[in-house]
Structure formats: C-alpha cells, structure tokens
Amino acid sequence: MLEADGADEALNRVNTHSKPSDLRITDLRVAEITGAPFASVLLKIYTNQGIVGLGEVRDGASATYALMLKSRLLGENPCNIDRLFRRIKQFGGHGRQGGGVSAVEIALWDLAGKAYGVPVYQMLGGRFREKVRVYCDTDATVPSGTETGKRLKQRMELGFTFLKMDLGLMQIADVPGAVVSPAGSLEGYRDHPGRGPLKTIEERRVCNAAYDLHNVPHPFTGLHFSDKGLDFLEQYIAEVREVIGMDVPLAIDHIGHISMQSGIRLARRIEKYVPAWLEDVIPWQYTDQYRQLQDATTVPICTGEDIYLKEGFEPLLKSGGVSVIHPDLLTSGGILETKKIGDMAQDRGVAMVIHMAESPIAAMAAAHVATATENFMALEYHSVDVDWWDDIVTGLPKPLVKNGFVTVPDKPGLGIDDVVDEVISQHLQPGVTGIWLPTDHWDDEYSWDRTWS
C-alpha cells in the first residue's frame with residue numbers, strides 16, 4: 001500500500017495538463033522584428049493542448065524559410081523531434097537558408113520540454129557547467145584602437161570576461177594606400193543591400209548590384225592589405241591591448257573580403273597580441289585554404305556561423321584547418337545538431353564557441369546547448385546596448401546576461417514563459433503590419449519532396 005501511495009505521489013509531479021503522446025501541432029505563426037540588434041523572425045508553434053513552442057529564424061533571414069515548412073508539420077507530435085527534423089532538413093541550407101529548419105527544431109525542443117516538464121539541457125544529457133560564459137561582441141566603428149579599447153573596457157566593467165572586436169578592411173578602407181584594390185571596387189563594400197519594400201525598378205537595380213558585390217568570394221575580389229594597411233591594423237590592436245590589458249581573451253572578427261595571403265600576413269602581425277581567434281578570414285567552403293591559413297600562424301583560426309548541419313563542419317575538422325568552430329544554432333540545424341557538432345569537434349581537439357546575434361529565444365537555445373556540451377568555451381552576446389532586449393520575453397532572470405554569464409534555469413523547455421507582444425510590436429521590420437498573423441495560406445503548400453527515385 002505504501003509503495004502504491006509513493007507511486008501516486010510521483011505521478012502527481014507529472015505535468016498533467018499535457019498528454020505528450022496525444023500532443024499535435026495545429027499552427028505556426030511569426031513576428032518579424034528588427035533592432036535586437038538585427039532583423040530576425042520570432043516563431044510560435046501551437047498545439048492542441050495549449051502548449052506553445054518558441055523558436056527564431058536567423059538574423060537577416062526571411063520568415064518564408066520557416067513558413068514553407070508548416071504544411072509538413074501540421075498534425076504531427078512535436079515530441080518526435082528527430083523524425084520531424086529529418087523530414088524537413090532538406091529544406092535548409094548554409095547561411096540564412098538554415099534559418100527556417102533551425103527555428104522549427106528549436107521550437108520542437110521547447111514544446112517537448114514543456115510537455116514532459118524538463119529543461120532542454122537535461123534532455124541533451126545534463127550539465128557540464130552551472131553558468132554559461134558570454135563573450136561581448138563590440139563593433140569597432142571608430143578609426144581608433146584607443147577608443148575601441150575604451151568601449152571594450154566598459155564591457156569589462158560590466159563583468160564580461162571575454163571580448164571580441166572587428167579588425168580589418170573597414171578600419172582602413174578610408175586610409176590612402178592601405179588597401180590594394182581594383183579601381184572603384186572598394187567603395188561598394190561600405191554599403192549593404194537594404195531591407196524592406198523597394199518602390200522603383202532603379203531601387204531594385206541598386207539593391208541587386210550591392211547584393212551581387214557582397215556575394216563575390218574573397219579570392220576573386222582583388223583586395224589585399226598593403227604594408228601600410230597592416231601597420232595601421234597592428235597599431236590598432238596594440239592600442240586596444242594597451243587599454244584592456246593582456247589578461248582578457250580578445251577575439252577578432254570582420255576581416256573583410258580579402259585574400260587568404262593577406263589573412264596570413266595579418267595573422268602573423270598580430271600574433272604577439274594573442275587573439276583568442278581570427279574569425280571568417282575567408283569563406284568556410286575553402287577547406288584547403290583554411291588548412292594553409294592555420295598552418296601559417298599560431299593564432300587560432302575560427303569559422304562556422306554559416307555552416308548548415310554537422311556534415312558541413314566535417315571537412316574543416318578533418319583538414320585541421322580550424323582550432324575553434326563557431327556555429328550559430330539558427331543556421332547549423334538547431335539544438336541537437338549543434339550538440340552533435342560540438343561533440344564531433346571535441347574528438348578532433350577543437351573548441352566550440354557559439355555565434356548568437358538575435359533575441360533571448362536564440363540566446364536561451366544556445367545556452368542550453370552550451371550547458372550540455374563539454375568543449376564549449378563562450379557564447380556571443382551582441383545586444384549589450386539594446387535596452388529593450390531583456391523585455392522581449394517573460395520568465396527569465398533580468399538581466400539575462402549578468403556579470404558576463406547566463407544562468408540556465410531549471411524550468412521546462414527553453415525556460416521562457418512567453419513573448420511580450422507590446423514590446424515586439426514597437427520594433428517591427430519595415431513593411432510588416434502585425435504579429436502572429438494567420439498563416440493559413442501555407443497550410444496546404446505541397447510538393448513531392450522525395451530526393452530519390
């Protein structure tokens with residue numbers, strides 16, 4: 001009798017408002033926001049039991065990448081995460097094209113955790129750490145290493161123990177003789193294609209031209225750093241280190257669309273300042289060039305934020321071309337795929353840091369993976385200057401990032417209660433008229449998706 005009473009008491013701890021085996025997906029809707037710090041798409045997957053899963057499409061990506069998957073998910077049990085991921089992963093791709101599949105995968109984990117009453121990290125195998133270290137990304141928007149150093153020093157005073165800054169083309173683009181470039185080619189890199197409605201054919205032509213320019217791979221741009229340019233960049237990081245000291249890790253990003261050879265010359269120049277890593281020097285697809293780059297310098301070489309699926313990381317890891325990988329959960333395929341990527345990297349002696357430049361939804365998804373992955377080193381945080389970032393969601397500690405760390409709560413799923421509609425409604429992308437609007441026109445979208453005969 002006592003044993004039966006004990007069993008009944010244990011069953012009383014189950015989340016009885018949910019019957020996981022009977023859970024079904026009934027709807028998928030989005031909210032398209034900007035300024036957190038970039039444009040991104042928040043996602044909700046609804047169910048027949050009132051549980052809602054939260055996900056997010058990668059910064060800079062289109063909501064269409066997620067909405068097109070809706071008809072392939074309706075009526076399914078969201079707890080069957082791996083089966084549904086295998087069904088939809090063919091519709092993802094590298095860069096922002098991975099955004100839809102990844103957003104859905106994250107929302108499925110949130111739903112499963114809520115249905116069973118456990119946090120996502122526990123479903124991944126449990127914790128390797130109590131707190132997740134955050135690195136603070138700070139754009140180097142001024143042509144002064146001393147001023148950038150002061151900004152980074154302010155981050156340290158907020159408690160950040162890991163930093164990142166830009167160092168490359170944009171710091172010297174206006175310095176005469178600093179960049180060797182074909183006549184007229186350098187100017188186009190100062191502007192990125194715009195976002196939002198375009199009113200005229202000429203506006204579209206200008207936008208498309210900028211798009212094409214920014215899609216020219218580094219080896220074909222003809223851009224090289226001169227000795228004068230390298231002198232300037234070396235002085236820049238020397239000034240930064242003079243302000244922040246040598247004790248704190250300092251990663252380097254946004255080198256620019258330059259040649260691998262210029263990347264090697266820059267890496268050798270700044271070795272004495274001990275960068276934590278040098279990021280995205282060339283497109284990640286050039287595996288052989290990454291191996292040459294890493295072999296030529298003692299600076300750890302890093303890439304990965306635009307790679308989709310673990311198969312995309314495998315050639316780089318096998319080649320020895322990277323010392324650090326840098327997946328973004330919103331491109332890589334989501335939570336479980338990133339955990340697998342981290343484990344694969346660990347087998348090669350490679351550390352994992354996580355790219356994240358989106359809302360607290362993406363931040364919490366990444367934090368759960370970071371908690372559950374042994375070779376994790378630091379998680380990116382790009383919103384320290386966004387005063388409404390913590391207000392996007394409810395149910396998390398405020399501030400979420402405190403003294404340079406995120407503490408992952410023991411709450412079910414991602415640990416987020418809900419999204420605050422009043423807040424996100426004030427930050428909609430250009431041309432967007434509302435949030436969580438009906439998406440019924442995607443319910444019956446269909447194609448014969450099998451990729452073999």
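Q: How many cavities of 30 Å³ or more are there, and what makes a space a cavity?
A: The count comes to 2 cavities of 30 Å³ or more. A cavity is a set of points, on a 1 Å grid over the protein atoms alone, where a 1.4 Å probe fits but cannot get out. This is a predicted model, in which local features need pLDDT of at least 70, side-chain atom pairs count only at pLDDT 80 or more, and totals for chains, interfaces and linings use all residues. Residues are numbered from 1 along each chain as its sequence is written, and side-chain values use heavy atoms, with hydrogens and water left out.

Q: What is the volume of the largest cavity, and which residues line it?
A: The largest cavity holds about 50 Å³ of space, where a volume is the space filled by probe spheres set on grid points joined across faces, edges and corners. Its lining consists of I81, D82, F85, E105, G333, L336, E337 and K340, since a lining residue has an atom within 4 Å of a point. Helices are DSSP runs of H or I with at least four residues, strands are runs of E with at least two, and both are numbered from the N terminus. Among these elements, α3 (81-88) and α14 (335-347) each supply at least two residues of this lining.

Q: How do you know which classes the lining residues of the two cavities belong to?
A: Ala, Val, Leu, Ile, Met, Phe, Trp, Tyr, Cys and Pro count as nonpolar, Asp, Glu, Lys and Arg as charged, and the others, Gly among them, as polar. By that rule the largest cavity has 3 nonpolar, 1 polar and 4 charged lining residues. The second largest cavity, of about 40 Å³, is lined by D390, V393, L396, P397, K398 and L400, which divide into 4 nonpolar, no polar and 2 charged.

Q: Why is D253 called buried or exposed?
A: Buried means under 20% relative accessible area, exposed over 50%, and partly exposed in between, with a 1.4 Å probe and protein chains only. D253 has 4%, and therefore counts as buried. This residue belongs to strand β8 (residues 250-253). Leaving aside residues up to four places away in sequence, D253 touches D137, K164, M165, D166, L167, E279 and D280, contact meaning heavy atoms within 4.5 Å.

Q: What makes H214 and L309 count as buried or exposed?
A: H214, in helix α8 (residues 201-214), has 16% relative accessibility and so is buried. The contacts of H214 beyond four places in sequence are G188, Y189, D191, H192, P193 and H257. L309 has a relative accessible area of 11% and is therefore buried too. L309 lies in the loop between β10 (301-303) and α12 (310-319), and its phi is near 70°, a positive value in a residue other than glycine. Of the 453 residues of the protein, 55% count as buried.

Q: How do you know whether the radius of gyration agrees with that of a compact globule?
A: The radius is taken over C-alpha atoms, and the globule rule is 2.2 Å times the number of residues to the power 0.38. For 453 residues a compact globule would be near 22 Å; the protein has 23 Å, so the value agrees.

Q: Where are the cis peptide bonds from A36 and from K398?
A: The bond from A36 to P37 is cis, with omega near 10°, and P37 is in the loop between β1 (25-33) and β2 (40-47). The bond from K398 to P399 is cis, with omega near -5°, and P399 is in the loop between β14 (393-394) and β15 (401-402).

Key
On a 1 Å grid over the protein atoms alone, a cavity is a set of points where a 1.4 Å probe fits but cannot get out, and a pocket is an open set with protein on both sides within 12 Å along at least five of seven lines; lining residues have an atom within 4 Å of a point.
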